[in-house]
Amino acid sequence: MKDDIILSRTSCRDFLPTPVEDEKITAILRAAMQAPSALNQQPWEFFVVKDSFLKGEIAAITPYWGPAKECSVLLVVCKDIKNLKSNSFSDIDCAMASENALLEAHAQGLGAVYLGAAPKEERVRDLALALDIKAGLAPFGLICLGYPAKKKEPVIRYLANKVHVID
Ligand SMILES: Cc1cc2nc3c(=O)[nH]c(=O)nc-3n(C[C@H](O)[C@H](O)[C@H](O)COP(=O)(O)O)c2cc1C
C-alpha cells in the first residue's frame, strides 16, 4: 500500500446514496482479516449491514453514531470471545483489523469513518441487542462505508518533537 493512501485518508461522514459494490466490500473484509493479531488469533467476525431500518436503529444508540444512518454499508467489527488465545490483546487485534478496513476503503475510492463501541459497555450491549447477536460474539466497533459526498483534504500531523531517537 502506498504512503499517499495512508496520508490522504480522512474520516467521511457525508455519503452519497450510491450503493457500494459487493467486490469492494469483499476487498475491505479481506484487508481487515489480513491484519496482525496477538498469537495470530484473528478474533474478528463481521456483520455487513445494508438494511436501512437496522442502520437507523444502530445510529440511534448514541448521538455520536449519526453517520451509521447515512452510509450505504455499515460494517460491524465483532470479537469471537469464546475462542480467544489472548483476551487482553483482543481489542487491539480488532482495532488493527478496523484500521486495515479504513485504509482499504479509501484505496477503493470510498469514504469511511470508524465509530467506537468498545470499551463502552452500554454501546456494546445495545449494539448486540440491535443485531440480535449470538452469545460468544461481542460487538467491537463500526465502520461506515459509502461514496463520499464531499472531498476532504487531510491535515498532515507529523511532529518531529513527538519522536525520541536513542542512538
Ligand atoms: C476509537 C475511535 C472512536 C471513534 N468514534 C467516533 C464516533 O463515535 N463518531 C464519529 O463520528 N467519529 C468517531 N471516530 C473518528 C474520529 O473522530 C476521527 O478519526 C478523528 O477525528 C480524526 O479524524 P480523521 O479520521 O479524519 O483523521 C472515532 C475514531 C476512533 C479511533
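Trainee: How many salt bridges does the structure hold?

Mentor: Keep in mind that this is a predicted model. Side chains of opposite charge can pair when their charged atoms come close. Among the pairs here are D22 with K50 and K79 with D91. The full count of salt bridges is five.

Trainee: How far apart in sequence are the parts that D22 and K50 tie together?

Mentor: The closest N and O atoms of D22 and K50 are 2.7 Å apart, inside the 4 Å limit for a salt bridge. D22 sits in helix 2 (residues 22-33), while K50 is in the loop between strand 1 (44-49) and helix 3 (52-59). So the pair ties together parts whose separation in sequence is 28 residues.

Trainee: Is K50 buried, partly exposed or exposed?

Mentor: Its partner D22 has 44% relative accessibility and is partly exposed. For K50 the relative accessible area is 42%. Buried needs under 20% and exposed over 50%, so K50 comes out as partly exposed.

Trainee: Which elements does the K79 and D91 pair link?

Mentor: These two side chains meet in a salt bridge at 2.7 Å, N to O. The residues are 12 apart, and the pair links distant parts of the chain. K79 belongs to residues 73-80 and D91 to residues 90-107, which makes the elements strand 2 and helix 5.

Trainee: Is K79 buried or exposed?

Mentor: Take D91 for contrast: at 29% relative accessible area, D91 is partly exposed. K79 has a relative accessible area of 11%. The cut-off for buried is under 20%, so K79 is buried.

Trainee: And E153 with K151, are they buried or exposed?

Mentor: Their side chains also meet in a salt bridge, at 3.7 Å from N to O. Exposed calls for over 50% relative accessible area. Both E153 and K151 are exposed.

Trainee: What is the radius of gyration of the chain?

Mentor: The chain has six helices and four strands, running α-α-β-α-α-β-α-β-α-β from the N terminus. For 167 residues the globule rule gives 15 Å, and the chain's value is close to that, so the chain is as compact as a globular protein of that length. The radius of gyration is 16 Å.

Trainee: How far apart do the centres of the positive and negative side chains lie?

Mentor: There are two sets to place here, 20 positive and 21 negative side chains. Compare their centres and the separation is 3 Å.

Conventions:
Residues numbered from 1 in each chain as written. Predicted model: local features only at pLDDT ≥ 70, side-chain atom pairs only at ≥ 80, totals over all residues. Heavy atoms only, no water. Helix = DSSP H or I, 4+ residues; strand = E, 2+ residues; numbered from the N terminus. Buried < 20%, exposed > 50% of the residue type's maximum accessible area, 1.4 Å probe, protein only. Rg over C-alpha atoms; globule rule 2.2 N^0.38 Å. Lys, Arg positive; Asp, Glu negative; His and termini not counted. Charge placed at Lys NZ, Arg CZ, Asp CG, Glu CD.
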